[in-house]
Amino acid sequence: GYTNYPDNAVFKFCDVAVRHGMDVFRIFDSLNYMDNLKLGVDAVGAAGGVVEAAISYTGDITCPTKTKYTVDYYLELARQLVDYNIHVLAIKDMAGLLKPAAATMLVGALRSEFPHLPIHVHTHD
């Protein structure tokens with residue numbers, strides 16, 4: 001859920017869920033806060049689940065005047081997640097901001113750097 005839980009509760013939930021048949025866990029933090037993502041990755045990994053770590057998309061990477069959320073910003077997040085030994089990388093577009101041109105740029109850049117990593121785009125419109 002969207003509630004903060006103690007670390008031990010997260011690990012226990014993942015363990016019980018995997019033992020009862022859940023396999024893929026999408027892990028995300030709406031602010032891309034890596035410490036929170038790492039906890040989820042570790043808990044799912046320890047339980048033997050499939051780790052689908054998501055980077056939350058915001059902004060518009062196609063606009064050259066916007067400099068905070070760039071392709072490089074998202075690539076750096078992905079590098080950190082890949083270093084955590086994730087199984088799948090997701091792009092989570094909660095606000096429906098990911099336009100086709102931006103998706104092409106972002107997925108293309110990720111695919112170039114991580115050619116064998118499955119990429120899942122999850123968007124709302």
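The following paragraphs go through the strands, helix α2 and the salt bridges of this predicted model.

A convenient place to begin is the strand pairing around β2. The strands β1 and β2 run parallel and are joined by four bridges, and within this pairing Val24 stands opposite Val50 in β2. To pass from β1 to β2 the chain goes through α2, and the resulting β-α-β crossover is right-handed. On β2 there is also a pairing with β3, again in the parallel sense, over five bridges, where Ala54 stands opposite Ala90 in β3. The second connection is made by α3, and β2, α3 and β3 together form a right-handed β-α-β unit. Strand β2, which thus takes part in pairings with β1 and with β3, is mostly covered, six of its seven residues being buried. In a regular strand, side chains alternate between the two faces of the sheet.

Helix α2, the connection between β1 and β2, covers residues 34-47. Its 14 residues should span 20 Å at 1.5 Å a residue, and the end C-alpha atoms are 20 Å apart, so the expected and modelled spans agree. The buried residues of this helix are Met34, Leu37, Gly40, Val41, Ala43, Val44 and Ala47, and these residues pack against α1 (7-19), β1 (24-27), β2 and α3. Just after the helix, Gly48 takes a positive phi of about 90°.

Which residue of α2 forms a salt bridge with Asp42? The partner is Lys38, with the closest N and O atoms 2.7 Å apart. Both residues lie in α2, four residues apart, which is about one turn of the helix. An α-helix has 3.6 residues a turn, so residues three or four places apart point the same way. Neither residue of this pair falls under the 20% cut-off for burial, because Lys38 has a relative accessible area of 28% and Asp42 one of 31%; Lys38 is therefore classed as partly exposed, and Asp42 likewise as partly exposed.

A similar spacing is found in helix α3, where the side chains of Glu76 and Arg79 meet in a salt bridge at 3.3 Å, N to O. These two residues are separated by about one helical turn, because they are three residues apart in α3. Glu76 counts as partly exposed at 37% relative accessibility, and Arg79 counts as partly exposed at 30%. The pair also belongs to a network of salt bridges that links Glu76, Arg79 and Glu113.

The salt bridge between Lys99 and Asp60, at 3.5 Å from N to O, links distant parts of the chain, since its two residues are 39 residues apart. Lys99 lies in the loop between β3 (88-93) and α4 (100-113), whereas Asp60 lies in the loop between β2 (50-56) and α3 (71-83). The two partners fall into separate accessibility classes, because Lys99 at 47% relative accessibility counts as partly exposed, while Asp60 is buried with a relative accessible area of 13%. Side chains of opposite charge can pair when their charged atoms come close.

In total the structure holds six salt bridges, among them Lys38 with Asp42 inside α2, Glu76 with Arg79 inside α3, and Lys99 with Asp60 between two loops.

Key
Residues are numbered from 1 along each chain as its sequence is written. This is a predicted model: local features need pLDDT of at least 70, side-chain atom pairs count only at pLDDT 80 or more; totals for chains, interfaces and linings use all residues. Side-chain values use heavy atoms; hydrogens and water are left out. A salt bridge is a side-chain nitrogen of Lys or Arg within 4 Å of a carboxyl oxygen of Asp or Glu. Buried means under 20% relative accessible area, exposed over 50%, partly exposed in between (1.4 Å probe, protein chains only). The expected span of a helix is 1.5 Å times one less than its number of residues. Contact means heavy atoms within 4.5 Å. Two strands pair if DSSP finds at least two bridges between them. A crossover is right-handed if, with the strands pointing away from the viewer, the path from the first strand over the helix to the second runs clockwise.
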